[in-house]
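Here's a quick briefing to read with the structure open beside you. Have a look at the model first, then work through the notes by topic.

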Number of protein chains: 2
Amino acid sequence: MQQAEVLVEAELRGHPSHGLQRLPRILTRIDKGLIDPRTRGKSHWRTPSFLDVDGLRGLGPVVALQACAILAERASSTGVAVAGIRNSNHLGMLAYYVERLANEGIIGIALSSSEALVHPYGGTTALLGTNPLAIAVPTSDRPLVVDLATSVVSMGKIHHHAANGSAIPEGWARDSDGGVTTNAANAMKGSIAPFGDAKGYALGMALELLVASIAGSSLAPEVRGTLDADAVCNKGDVLIAVDVGRQPQVLACFSSYLDRIRQSRPADPMRPVTVPGDGARSRRERALNDGFEISGNLWDELKALSRSNEALVKGIAQ
Amino acid sequence: MQQAEVLVEAELRGHPSHGLQRLPRILTRIDKGLIDPRTRGKSHWRTPSFLDVDGLRGLGPVVALQACAILAERASSTGVAVAGIRNSNHLGMLAYYVERLANEGIIGIALSSSEALVHPYGGTTALLGTNPLAIAVPTSDRPLVVDLATSVVSMGKIHHHAANGSAIPEGWARDSDGGVTTNAANAMKGSIAPFGDAKGYALGMALELLVASIAGSSLAPEVRGTLDADAVCNKGDVLIAVDVGRQPQVLACFSSYLDRIRQSRPADPMRPVTVPGDGARSRRERALNDGFEISGNLWDELKALSRSNEALVKGIAQ
């Protein structure tokens, strides 16, 4: 259920790269014993504010949501709590977890590592993960939710282009020889650029070591298991919960600040200024009314899977 | 002493925007009672891992270094500790603080807010702070230290260009009418672009609310006192310390990973790949041998100040 919800939420928000295209691989991984769909992982407090989580090969969302619940409770007494998660599977979009925390009035920060997919700024070789970062801060309205990979684009989006046979913009990626490419299939074998040149590279580099340090997980060049159906997943996740208490006046002040930003003068009069998360939210509302599109190939694949995996899917749903 | 060290360190590392050009303003602020050079601030543990710091108008570095020492000790027993600092003055470069923590084997994260200097992505009006972020992670060698403003450039650097009468590159800033400008003086009255387009904007936005939330400080449009000598400083700082314990094998693994990145094939054969912090470190080593340059104007100003402030400077040094 939780796994399915995270995938569908990504589709609703217009992030198909983190959506249902990942389902066939997840099911194959379950089939092969690389994912145990029945565990929530095993955790212990290494110190009063540091939760050590062994995911026991569980589904990424199931393990992470369990950790979120434990962290939220602890942060309410300690002020801050951090979880280092290893031996768990792909989380899908990080926004989902921090938004959960923020909806309970708690600041959430989430990090995750991945296979080596990104080249250093000024480099040509995939040596860093896409190292996404999500932050959610409560306001009196909906929380501010920010979720970004430190690559200029996610590898999921490049897969999506490859699946649709469409080209990628120049500047996104290099091929396996280190040359600039616009071919999505070649980019999948090569490397993605960091976003924001040297600064985005620096941020991604710091998050790479931060996750490995806190989660005790592998560094990008050794990571396997988020893009394949062959290896145990050895990336790491970090969740941080900060409870600053509910202060209605402060939260209202945040909301009116965000509105002031939305109402500020845009560079292009036809494109109003938005606050991060606005786009995903309006896509979600539209999709809840009108539905969302997935490719014909994926639909056929999912239908076939739903027949062959009926028993298994029932098992997960319990 | 600590204040002077932070300014000189910035000069040594080639960041004059955070260097001695700030000293005259600091001295004026002390003169006017906007900075109290003798306090380290007052702090209490709001919860076991959350340190609430009232800087009592102290010098930014003095208050923050005190908080770092308290956090480091607490993190060693709780695993993680966070400090929210308000009513303190400009910190200078954030790298300094997280590097201190990392030299003691502790992961350091530092955030700080500022006056509204940055326009939203797609916007024209200064509504966000430059919202810098620094992260340091221990390795078996020197720690990895990353320090970046979420603006494409710091306002300090624009001031530096204005002081030298040099133009700024297009894309850095807009003037007070929202138009693109390459004039540093006009940019100072206008707004700076976020780095990395929508992603850098999203990150800056999240850090803006994160700091205000944790430090209980003002949002950018209301912040005063880091660029003027007229107002009490009401920006906020956040310090996070995470102690994961010393694991020599892991730290050695981080060091060899960073070396592998340095040795990887560059896009331009003449420009080897670097790890964030390498440039600052080699500039520092060079400056320690050869000295560093400051503008003639600034030198004259500093000499005049050293005469008129001799008694005051002695007071700070104690």
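Let's start with a strand detail in chain A: A:Arg174 has A:Ser191 in β9(A) as its bridge partner. Keep in mind that this is a predicted model. From that bridge we move out to the sheets, then to the interface between the chains, and finish with helix packing inside chain B.

**The small sheet in chain A**

- That bridge belongs to the pairing of β7 (residues 173-174) of chain A with β9(A), where two bridges join strands that run antiparallel.
- Zoom out a little and you get an open sheet of three strands in chain A, ordered β8-β7-β9 and paired antiparallel.
- β8 (180-181) and β9 (191-192) of chain A each have a single partner strand and stand at the edges, so one side of each is left without a neighbour in the sheet.

**The small sheet in chain B**

- Chain B has an open sheet of three strands too, with the order β8-β7-β9 and antiparallel pairing.
- Here β8 (180-181) and β9 (191-192) of chain B are the edge strands with a single partner each, so each has one side without a neighbour in the sheet.
- β7 (residues 173-174) of chain B pairs with β8(B) over two bridges, in the antiparallel sense.
- If you want a residue to click on, B:Arg174 has B:Val180 in β8(B) as its bridge partner.

**Where the chains meet**

- Chain B puts 70 residues into the contact and chain A puts in 70 residues.
- About 5,500 Å² is buried between chain B and chain A, and carbon and sulfur atoms give 72% of that area.
- Which three residues of chain B supply more of its buried area against chain A than any other three? They are B:Lys199, B:Leu209 and B:Tyr257, with 13% of the area that chain B buries there.

**A helix pair across the interface**

- Helix α8 (residues 248-262) of chain A and helix α7 (residues 197-215) of chain B have axes that come within 12 Å and cross at roughly 155°.
- Angles over 145 degrees count as roughly antiparallel, and α8(A) and α7(B) are therefore roughly antiparallel to each other.
- The crossing of α8(A) past α7(B) is right-handed.
- On the α8(A) side you'll find A:Phe254, A:Tyr257, A:Leu258 and A:Ile261, which meet B:Tyr201, B:Met205, B:Glu208, B:Leu209, B:Ala212 and B:Ser213 of α7(B).
- By class, this contact of α8(A) with α7(B) has eight nonpolar residues, one polar and one charged.

**Helix packing inside chain B: α2 and α10**

- The axes of α2 (residues 23-31) and α10 (residues 296-308) of chain B come within 10 Å, crossing at roughly 30°.
- α2(B) and α10(B) are therefore roughly parallel to each other, and their crossing is left-handed.
- α2(B) brings B:Leu23, B:Pro24 and B:Leu27 to the contact, while α10(B) brings B:Leu298, B:Glu301, B:Leu302 and B:Leu305.
- The contact of α2(B) with α10(B) counts six nonpolar residues, no polar ones and one charged.

**Helix packing inside chain B: α3 and α4**

- The axes of α3 (residues 60-78) and α4 (residues 95-103) of chain B come within 10 Å and cross at roughly 25°, which makes α3(B) roughly parallel to α4(B).
- α3(B) passes α4(B) in a right-handed crossing.
- B:Gly60, B:Pro61, B:Ala64, B:Leu65, B:Cys68 and B:Ala72 of α3(B) make the contact with B:Tyr96, B:Tyr97, B:Arg100 and B:Leu101 of α4(B).
- Sorted by class, the contact of α3(B) with α4(B) has eight nonpolar, one polar and one charged residues.

Conventions:
Residues are numbered from 1 along each chain as its sequence is written. Chains are lettered from A and ligands numbered from 1 in the order in which they are written. This is a predicted model: local features need pLDDT of at least 70, side-chain atom pairs count only at pLDDT 80 or more; totals for chains, interfaces and linings use all residues. Side-chain values use heavy atoms; hydrogens and water are left out. Two strands pair if DSSP finds at least two bridges between them. Helices (H or I, at least four residues) and strands (E, at least two) are DSSP runs, numbered from the N terminus. Axes are lines fitted to C-alpha atoms, for helices over the stretch in contact, and angles run from 0 to 180 degrees between N-to-C directions. Angles under 35 degrees count as roughly parallel, over 145 as roughly antiparallel, 65 to 115 as roughly perpendicular and the rest as oblique. A crossing is left-handed if the near helix is turned anticlockwise from the far one by less than a right angle, and right-handed if clockwise. Contact means heavy atoms within 4.5 Å. Ala, Val, Leu, Ile, Met, Phe, Trp, Tyr, Cys and Pro count as nonpolar, Asp, Glu, Lys and Arg as charged, and the others, Gly among them, as polar. Buried area is the accessible area (1.4 Å probe) that two parts lose on being put together, summed over both.
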